[in-house]
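Please walk me through this protein structure, beginning with the chain as a whole and ending with individual residues.

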Amino acid sequence: MPKVMGGKGGRWHCCDRPRTGRVEHMKPMAVLCGVSRCFRGTTAVDSVDLVLRPGEIVALLGPNGAGKSTLFDMLLGLRNPSAGTVSVFGMPPTARRARARMGAMLQDTTGPAGLTVGETVRLTQRLYPRVAPAGELLRTVDLDGLTGRRVGELSGGERQRLSLALALTGRPDLLVLDEPTAALDVAGRRRLLRAIRRLAAQDRSILLATHDLREAQEVADRVVVLHHGRKIADGTTAEIVGAVGVRRVQLRAAIRGEELANHGGVRSVSRTPDGRFDLLTTDPEGLLRTLVTAGHRIADLTVVDADLESAFVALTGEEAA
């Protein structure tokens, strides 16, 4: 069953195993158990459990300030948890052997603008005890034709792909990606997602943070949702959407949005670009029955199953940033 906290289901514990096919029986790459982190009296991450397994792509979702970056920092050993434990390959994340098997693609990590692509890769190779050949790295991210180009001359998509190549330099078994497709055009996004899928097929474990819910639904085997530092959902897209139990209703009616929001089962009310009401509700039949009984004329009605974006809004009460 999916793990949806706060009103549905129970607490998810670090000893539980995700249901993502063959990976559920494989030894974890990383285990975070009851992890919390506080800053000056503010709890950024609150008692989060997370298991990452080989061959699995896990999308980490949450509004701005949900705790995603702090969770990344603790997984990578850049910050110590205030409570709980982090184990990577059975070791603390600060252990040299653990760090040698991790790769991270964080924001703006492509290196000095004056170096060429090839020089940047060779410089990064010096940091690892085992390295992938430069040509192999650049072919993986479709940059093998740009070895002599300076980093400062790369497009935004090319810089993103170079960041991924640098994260792969040490042949990591665990890969942490922070907004890997941010600011990419459609073609660049597709290239990068193809590369990420190929890496997961090699039994690497991949944790990626994204605000693009369609991207998460497309590429992730499992989705984890953080809100105010707490994990509120953990499962496949289908499991999370099914557990939330909402449907999307769009309609026109001479009624105030506040009245619609007060109807039992309505989780959110907004407007579509064409001016229709856009509602997420657990009881679409009851909502429509109430409106008709009250004499409201309904037009341009559509009722569709929820997607990950709908479930995210229902869980957090916020749109994805």
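Helices and strands are here DSSP runs numbered from the N terminus, with at least four residues for a helix and at least two for a strand. On that basis, the protein chain of this predicted model holds eleven helices and 14 strands. The chain has a radius of gyration of 22 Å, close to the 20 Å that the globule rule gives for 321 residues, and is therefore as compact as a globular protein of that length. The C-alpha trace extends over about 75 × 40 × 40 Å along its principal axes.

The overall values describe the interior, the surface and the charges in turn. Of the 321 residues in the protein chain, 50% are buried. Among contacts with a separation of 6 or more, 69% join residues 24 or more positions apart. About 14800 Å² of the protein chain is exposed, and carbon and sulfur atoms supply 49% of that area. The side chains include 45 positive and 36 negative ones, and the centres of these two sets are 5 Å apart.

A hairpin offers a first local view. Strand E2, residues 30-39, pairs with strand E3, residues 42-52, in the antiparallel sense, and seven bridges connect them. Ala-30 has Leu-52 of E3 as its bridge partner. Two residues lie between the strands of this hairpin, and Arg-40 adopts a positive phi near 45 degrees there.

Further along the chain comes helix H1. Is this element enclosed by the rest of the structure, or open? The term buried denotes a relative accessible area under 20%. Seven of the eight residues of H1, which covers residues 68-75, are buried, so the helix is largely enclosed by the rest of the structure. The buried residues of H1 are Lys-68, Thr-70, Leu-71, Phe-72, Asp-73, Met-74 and Leu-75. Charged side chains thus appear in this list, since Lys counts as positive and Asp as negative. Just after H1, Gly-77 takes a positive phi of about 80 degrees.

Helix H8, residues 237-244, contains Ala-238. Is Ala-238 buried or exposed? Exposed denotes a relative accessible area over 50%; Ala-238 has 61% relative accessibility and therefore counts as exposed. A distance relates this residue to the hairpin: Ala-238 and Leu-52 are 186 residues apart along the chain, and their C-alpha atoms are separated by 19 Å. Leu-52 is the residue of E3 that forms the bridge with Ala-30.

Definitions and conventions:
Residues numbered from 1 in each chain as written. Predicted model: local features only at pLDDT ≥ 70, side-chain atom pairs only at ≥ 80, totals over all residues. Heavy atoms only, no water. Rg over C-alpha atoms; globule rule 2.2 N^0.38 Å. Buried < 20%, exposed > 50% of the residue type's maximum accessible area, 1.4 Å probe, protein only. Contact = heavy atoms within 4.5 Å. Areas by Shrake-Rupley, 256 points an atom, 1.4 Å probe, with all protein chains shown as cover. Charge placed at Lys NZ, Arg CZ, Asp CG, Glu CD. Pairing = 2+ DSSP bridges.
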